Amino acid sequence: MTDPVLVACAHGTRNATGRRLIAELALTARRLRPGLVTTAAFVDVQPPTVVGVVAGLAEEDRPAVVVPLLLSGGYHVHVDIAGAVAAHPSAVAARPLGPDERLVEVLHDRLLAAGADPRDPLTAVVVAAAGSSDERAVADVEDTADLLQRRWTGPVTTGYGSAASPRVPDAVAAARRGGAERVVVAAYLLAPGHFADKLAGAGADAVTAPLLPDDRVAAVLLDRYDAAAS
């Protein structure tokens with residue numbers, strides 16, 4: 001029996017580096033899993049749409065697993081992707097990449113690379129996510145911050161680029177009011193793009209690089225695929 005096609009479904013971005021890193025994530029999954037067939041789809045900004053990709057595979061009688069290349073579950077997961085697979089019995093949707101302990105490990109490594117000291121009680125971290133009006137997405141980001149807090153002596157809070165509160169600059173300001181001498185924004189984003197570009201102006205002492213590239217993200221992607229395919 002042929003394994004389902006892995007449809008790697010990202011948000012979409014106009015940022016060239018972001019597009020490249022998302023494409024390389026799927027290539028890394030194929031390197032880690034020789035023989036796996038993957039294709040790309042998007043929920044916004046760039047083609048092809050997840051609706052069109054899933055429908056095309058269904059017409060070819062090819063089963064598919066759509067894995068959201070998203071760090072939390074929100075509208076795109078519960079509406080866009082869920083709707084794309086609902087009309088096709090041969091297609092299923094996996095859960096998003098986050099929360100996951102391995103993503104927190106990557107986030108932690110990015111903080112170390114930015115010069116942040118996990119043992120310093122006066123170094124605060126703001127986990128910065130794109131944001132969503134869906135409470136489930138916000139809860140996923142909060143869970144990620146809680147996991148990071150277990151590795152971090154100073155306070156770990158969250159901030160959002162849009163649609164949720166607090167916004168990242170407000171979260172940075174709140175950390176300073178709370179007594180932090182150094183505030184580092186941990187970019188809880190897969191790749192460069194619109195929200196990552198805005199973080200430099202949030203008032204932090206440092207901003208980490210996004211999560212990609214990193215093989216651990218591809219390993220999470222494959223786990224999501226396997227769980228849904230089974």
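This is a short tour of a predicted model, going from its sheet to the helices packed on the sheet and then to its largest pocket.

**The sheet.** Select the strands first. Four of them, in the order 2-1-3-4, make an open sheet with parallel pairing. Strands of a sheet pair through backbone hydrogen bonds, either parallel or antiparallel. Now colour strand 2 (38–42) and strand 4 (91–93): these are the edge strands, and each pairs on one side only. Looking across the sheet, the twist from one strand to the next averages 25 degrees.

**One strand pair.** Zoom in on strand 3 (residues 64–68) and strand 4, which pair in the parallel sense over 3 bridges. Within this pair, select A64; opposite A64 stands A91 of strand 4.

**Helices on the sheet.** Add helix 2 (residues 50–59), which packs on the sheet and touches strand 1 (5–10), strand 2, strand 3 and strand 4. The direction of helix 2 makes about 145 degrees with that of strand 2. Next show helix 8 (residues 215–229), also packed on the sheet, where helix 8 touches strand 1, strand 3 and strand 4. Helix 8 runs at about 140 degrees to the direction of strand 3.

**The largest pocket.** Select H11, L70, A130, L189 and F195, the lining residues that lie nearest the centre of the largest pocket. This pocket holds about 840 Å³ of space and is lined by 37 residues. Then show helix 1 (16–32), helix 3 (75–86), helix 5 (135–149) and helix 7 (194–198), the elements that each give two or more residues to the lining. Coloured by type, the lining residues come out as 22 nonpolar, 14 polar and 1 charged.

Key: Residues numbered from 1 in each chain as written. Predicted model: local features only at pLDDT ≥ 70, side-chain atom pairs only at ≥ 80, totals over all residues. Heavy atoms only, no water. 1 Å grid on protein atoms, 1.4 Å probe; cavity = no way out; pocket = protein on both sides within 12 Å on 5 of 7 lines; lining within 4 Å. Points joined across faces, edges and corners; volume = space filled by probe spheres on them. Helix = DSSP H or I, 4+ residues; strand = E, 2+ residues; numbered from the N terminus. Nonpolar A, V, L, I, M, F, W, Y, C, P; charged D, E, K, R; others polar. Pairing = 2+ DSSP bridges. Axes fitted to C-alpha atoms, helices over the stretch in contact; angles between N-to-C directions. Contact = heavy atoms within 4.5 Å.
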